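User: I'm new to this one and would like a close look at a single part. Could you walk me through the strand arrangement, and then what surrounds it?

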Amino acid sequence: SVAWNPLGWEAVAFSEIEPFPCAVLAHHYPSVPNWGYMTKFQEWPDADVDLLCGGTPCQPFSVAGLRQGLADPRGNLMLTFGAIAAKYRPKWLVWENVPGVLSSNKGRDFASFLGLITGQEVQVPAGGWQNSGIVAGIPEAYGAAYRVLDAQYFGVAQRRRRVFVVG
């Protein structure tokens with residue numbers, strides 16, 4: 001949200017449940033509602049959304065976590081993000097997570113997410129997911145491009161590799 005201010009963009013709402021981040025958002029964006037837990041998205045109000053942007057919990061896909069992928073309820077929030085996109089139909093979506101999502105469940109978890117947003121069954125490529133790629137979508141869905149980026153190359157003093165998907 002901070003990066004959008006110079007562009008004149010405004011957040012429609014946030015979806016946050018952890019107390020400290022909720023307090024930070026309320027302090028910096030007092031007029032922007034926090035709709036809370038994303039699994040309750042069916043109860044959220046209708047809104048015009050140009051860009052749906054978010055990152056779901058990384059623990060299910062992280063090498064530092066248990067790597068249960070979509071078998072972990074937090075991992076399933078990746079699919080909830082796709083369902084939110086289906087409800088609001090934003091022009092664009094951006095999703096991020098750890099690179100472990102590319103290999104979770106032999107790559108099938110990431111294929112499930114890409115299939116959801118592109119409206120088709122997506123197979124894991126022979127040799128697995130690479131550090132970047134494109135998956136065309138059906139006309140009623142999103143085309144998706146993904147890439148692994150590292151924060152150290154964007155002015156942050158740490159190595160922090162993340163997968164970004166743009167639809």
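Analyst: First, a word on the names: helices (H or I, at least four residues) and strands (E, at least two) are DSSP runs, numbered from the N terminus. This is a predicted model, so local features need pLDDT of at least 70 and side-chain atom pairs count only at pLDDT 80 or more, while totals for chains, interfaces and linings use all residues. Residues are numbered from 1 along each chain as its sequence is written, and side-chain values use heavy atoms, with hydrogens and water left out.

Now to the sheet. It is an open one with 5 strands, and reading across you get β1-β2-β5-β4-β3, with mixed pairing. Two strands count as paired if DSSP finds at least two bridges between them. At the edges stand β1 (51–55) and β3 (132–135); each has a single partner strand, so one side of each has no neighbour in the sheet. From one strand to the next, the twist averages 15 degrees.

Let's zoom in on one edge. β3 is joined to β4 (residues 144–150) by 4 bridges, and the two run antiparallel. If you want a spot to look at there, find Ser-132, which sits opposite Arg-147 in β4.

What lies over the sheet? Helix α3 does: it crosses β2, β3, β4 and β5 (161–166), and runs at about 25 degrees to β5. Two terms matter here: contact means heavy atoms within 4.5 Å, while axes are lines fitted to C-alpha atoms (for helices, over the stretch in contact), with angles from 0 to 180 degrees between N-to-C directions.

Next come the aromatic rings. The whole structure holds 9 aromatic pairs. Rings of Phe, Tyr and Trp (its six-membered ring) pair if their centres lie within 6.5 Å; planes under 30 degrees apart are stacked, over 60 edge-to-face, and the rest tilted. One pair is Trp-95 with Phe-113: their ring centres are 4.5 Å apart and their planes at 40 degrees, so the pair is tilted. Since Trp-95 lies in strand β2 and Phe-113 in helix α3, the pair ties together parts that are 18 residues apart in sequence. Trp-95 counts as buried at 0% relative accessibility, and Phe-113 is also buried at 0%. (Buried means under 20% relative accessible area, exposed over 50%, and partly exposed in between, using a 1.4 Å probe and protein chains only.)

Another pair is Trp-129 with Tyr-146, with centres 5.9 Å apart and planes at 85 degrees, so this one is edge-to-face. Trp-129 sits in the loop between α3 and β3 while Tyr-146 is in strand β4, so parts 17 residues apart in sequence are tied together. Both residues are buried. Trp-35, Trp-44 and Tyr-88 form one aromatic cluster.

Finally, the stretches around β2 (92–97). Before it comes helix α2 (residues 77–88), where you'll find Thr-80. Thr-80 is buried, at 15% relative accessible area, and touches Met-38, Thr-39 and Phe-41, leaving aside residues up to four places away in sequence. In the loop between α2 and β2 is Arg-89, whose phi is near 50 degrees, a positive value in a residue other than glycine. Arg-89 is partly exposed, at 42%. The loop between β2 and α3 (108–118) has Asn-105, with a positive phi near 55 degrees; Asn-105 is partly exposed, at 40%. Why point these out? Because most residues other than glycine have a negative phi.
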